[in-house]
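Subject: Structure for your review

Dear colleague,

Please find below the structure that I am handing over to you. A short account of what was found in it follows.

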Amino acid sequence: MAFQPPAGLAEAVNAALALRRPLLITGAPGTGKSTAIESVATELKLGRVLRWQVTSQSTVSDALYRYDALGRIHAHQLGGTTDDIAAYLRLGPLGTALLPSGHPRALLIDDIDKGDLDLTGDLAEVLEDGEFEIPELARFEREAVEIRESDGEARHTITRGRVVCTEFPFIVLTSNGERDFSPQFLRRCVRFTMPSFTDPSAVRRVLEAHFGLNVDDAGPLAELIDEFATRVQAGELLAVDQLLAAAHLLTGEHAPQGEDRRAVLDYVLRELTRA
């Protein structure tokens, strides 16, 4: 899908990059919050986007690195070698994003509002410092140890257990607006709110960009645009993915007609908050 940034998003991205601050994007599900970082990463050649999906159990420590202490103990009990501590360590997405690099890495922190109350404070502290320590390596007898990054088998040498960022990563945090954040956290972010698709012209731009065509004002896609925008205006929660799926069905080789068409649309465009 060709991402069409809403008005103001490009300026917010540029501000986040220039100020070396995370970009907090708020909006309803399906409005393209997570897609923005993919577009920027591709445009700026930042490489694969690192992803941290936040849950109520998430901690900043786990996002920095994971140490499999139980695995090491188990290997020792079985008589195996445990001298190679690197086999039991792996960087998390946040830790990988903060590795020394010649260019910024891109990191998506999805659903930040699902974390506990301490998560944003701990995250802001790490980002402000731009560095962190791995205590297990700081105490290890070898000065330099190679451990795996989060997004593959690539390894990076950690010296004296310390990771110091050289290029601040481009970080996008997404929020569904389900909770309020502290002023201390908000002042450290550049903030942007995604518009809802209540404007038919905005819906039209999404479809035209995705399908690479001009929407016929009298065709089935025009009717779909009006219906989608009208339902969102009425307060229904619908996602862009649903819109694209419906458009694909309406323009396919075996597009449904008449009552079948209505039944398919009712199935695909079901409100997300309804059981």
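Leaving aside neighbours within four places in sequence, L94 is in contact (heavy atoms within 4.5 Å) with W52, V60, A63, L64, L107, L123, V126 and L127. This is a predicted model, in which local features need pLDDT of at least 70 and side-chain atom pairs count only at pLDDT 80 or more, while totals for chains, interfaces and linings use all residues. Residues are numbered from 1 along each chain as its sequence is written, and side-chain values use heavy atoms, with hydrogens and water left out.

L94 is also among the residues that touch the most other members of the largest nonpolar core, which has 40 residues; the others are W52, I109, I112, L123 and I147. A nonpolar core is a set of buried Ala, Val, Leu, Ile, Met, Phe, Trp, Tyr and Cys residues joined through side-chain atoms within 4.5 Å, and buried means under 20% relative accessible area with a 1.4 Å probe, protein chains only. Helix α6 (residues 119-129) gives the largest share of this core, 5 residues. (Helices are DSSP runs of H or I with at least four residues, and strands are runs of E with at least two, numbered from the N terminus.) A second, separate core holds 23 residues, including V203 and L269.

Strand β11 (residues 190-193) has alternating side chains: V190 and F192 are buried on one face, whereas R191 and T193 point to the other and are not buried.

Yours sincerely

Conventions:
Buried < 20%, exposed > 50% of the residue type's maximum accessible area, 1.4 Å probe, protein only.
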